[in-house]
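Reader: Could you take me through the empty space inside this protein? I'd like a close look at one part, the biggest hole, and what surrounds that space.

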Amino acid sequence: MTDRIQRSLEDTASASRTVWLALLLGVAAVNFIWMPAEFLAGDPHAWREEARSLLLGGELNVPPGDVVTSSERGQYFVQNERNGLYYSKFGIANSLLALPPMWLERALGGDIGHRGQAPSLLLANLWNLVFCVALAGLLYALSAAYSGRIAVRVLFVIGALYCTSLWFYQRAQSSEIYQTLLFTALFMALLGFLRPLKERGPRGLDARAWRWLAAAWTCAALLVFIRIANGLLLPVIALLAAWCAAGGRSWRDLRGSAARLGAALLVPPALIVIALGIVNHVKFGAPWLTGYHQWKADIHLPHGRLADGLWGFLFAPRFSIFLYFPLLIFAAVGLRRFAERHRLDTVAMLSIFGVFLLLLSKIPSWAGEWTYGPRYLLPMLPVLSLPFLAFADDVLDRIGTWRARAWAAAALAGLAYSCHLQVQVNRLPFWTYYNAREALFASRSLDTADYFLNRHTGLIADDLIRHRYDLDALPYFAEMKRHAPPEFVAEYRRDFGAMLERGNLYWALPPGQRR
């Protein structure tokens with residue numbers, strides 16, 4: 001009997017590894033086919049130029065000519081008041097992560113010396129593909145702790161990657177994809193430390209647990225150097241660890257190991273903050289300057305109405321985490337069962353998300369325009385969706401009942417429809433929505449405003465694709481023709497029609513335009 005059980009476990013592990021490999025190859029193939037035909041305009045341009053400066057001259061500053069022609073002062077590049085030089089306002093880790101494809105382009109004989117000229121799109125897309133495959137592998141591995149069903153784990157990964165707004169950011173050459181990867185890795189590493197800490201206390205920690213903590217601090221450091229708001233992770237990690245260590249233990253139990261644990265929880269974040277201050281001093285002129293102090297500084301501070309951000313993140317048609325990450329709808333149904341089985345994991349997951357939700361909701365720029373979906377919260381949404389696994393397992397355990405079959409049908413239909421909307425969005429150039437919305441500013445119609453501001457972006461993309469050969473059939477076009485000047489309508493019809501026709505698929509480009 002023991003041998004039979006052992007063989008069964010080995011067969012299951014072997015099947016899981018086979019599925020894992022097939023899943024990674026499938027993700028790589030899908031993302032290769034769906035590579036975009038353009039760079040995402042906006043923030044990534046700034047850190048690519050900083051990466052170019054590092055490669056060409058070993059410096060972080062960007063020539064003023066490139067700054068003046070690309071943005072308002074402080075919008076993407078900050079002028080250091082101490083030395084007058086310009087630097088990307090974004091975290092330095094973004095520039096470092098943009099280096100590999102540009103370095104490879106240069107190594108292959110490409111010319112990256114032309115300031116402002118986009119580097120190889122193919123290499124940038126392939127570099128993004130690496131992050132996507134790594135994320136798929138990590139999510140599949142993480143899901144093993146919560147479900148023994150391989151099919152459920154695969155559905156969870158595919159649902160997270162292709163039935164949510166995350167697909168858009170897998171294609172866009174921005175920071176969201178590697179922030180999501182690092183948040184997922186951080187959660188895995190943190191639990192690798194918190195579980196033994198809570199079970200055995202600080203004295204019972206072995207070398208493996210300390211390595212998990214080191215990995216968690218490393219992920220946190222990278223996230224802080226990508227985006228300053230991720231600094232919220234530092235106190236949350238320390239507090240979660242202190243809670244686990246103190247749970248049910250007296251001071252006598254903790255006294256002998258308190259110094260070591262305290263050092264492990266306080267020294268790494270202190271070093272991260274010191275290193276961040278040094279980088280800020282070099283780039284912006286002072287340790288306390290973050291890069292967000294020159295352009296509309298007030299919109300980046302937490303003094304907005306909390307209700308506005310909370311309503312937007314939870315219910316707004318253009319930003320709701322439930323509409324753009326529908327796994328969360330079913331995760332909410334499975335949360336109670338998940339929490340019963342994995343109390344510590346639930347506390348860690350909700351603590352991290354709750355802190356970010358509350359602080360970001362207080363910032364006037366909580367929406368993160370220009371954007372698709374709730375991009376500021378996106379990196380932690382796959383982890384927040386883990387209770388979907390408990391929901392799916394519970395449904396399959398009771399699949400003989402009509403209620404379970406109804407839930408299964410609803411989940412599959414919801415994910416399938418969301419996947420359809422993501423396909424429609426990703427067929428179009430990245431910022432098509434904002435170009436289409438120019439009609440709103442020309443016509444000033446309440447109906448047009450309602451169409452663009454109170455509707456899922458995927459529904460608008462679906463309309464645009466269905467009517468791309470007959471723009472007059474678009475729901476807002478008649479209102480725009482009635483209110484906007486004829487010359488605006490003619491220009492809109494010409495330019496926007498060409499954008500829709502162009503699409504956003506790399507392999508649909510003529511061979512001579514692929515770079």
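Author: Helices here are DSSP runs of H or I with at least four residues, numbered from the N terminus. Keep in mind that this is a predicted model. With that said, on to the holes. There are 5 cavities of 30 Å³ or more, and the largest holds about 190 Å³ of space. Its lining is made up of 19 residues, and Arg48, Ala98, Pro101, Ala124 and Trp127 are the closest to the centre. Three helices each put at least two residues into that lining: helix 2 (43-57), helix 4 (92-107) and helix 5 (121-143). Helix 4 gives the most, with 6 residues. Sort the lining by class and you get 12 nonpolar, 5 polar and 2 charged residues.

For a comparison, try the second largest cavity, at about 120 Å³. This one has 15 lining residues, with Val425, Phe430, Thr432, Tyr433 and Thr457 nearest its centre. Helix 20 (432-436) and helix 23 (457-466) each bring at least two residues to that wall, and helix 23 gives the most, with 4. By class, the lining of this second cavity has 12 nonpolar and 3 polar residues, but no charged ones.

As for the packed side of things, the largest nonpolar core has 157 residues, among which Phe193, Leu194 and Tyr476 touch the most other members. Helix 8 (residues 176-200) is its biggest contributor, with 14 residues. Leaving aside residues up to four places away in sequence, Tyr476 touches a set including Ala436, Tyr451, Phe452 and Phe496. There's also a second, separate core of 7 residues, including Met35, Phe39 and Tyr506.

Terms used:
Residues numbered from 1 in each chain as written. Predicted model: local features only at pLDDT ≥ 70, side-chain atom pairs only at ≥ 80, totals over all residues. Heavy atoms only, no water. Core = buried A, V, L, I, M, F, W, Y, C linked by side-chain atoms within 4.5 Å. Buried < 20%, exposed > 50% of the residue type's maximum accessible area, 1.4 Å probe, protein only. Contact = heavy atoms within 4.5 Å. 1 Å grid on protein atoms, 1.4 Å probe; cavity = no way out; pocket = protein on both sides within 12 Å on 5 of 7 lines; lining within 4 Å. Points joined across faces, edges and corners; volume = space filled by probe spheres on them. Nonpolar A, V, L, I, M, F, W, Y, C, P; charged D, E, K, R; others polar.
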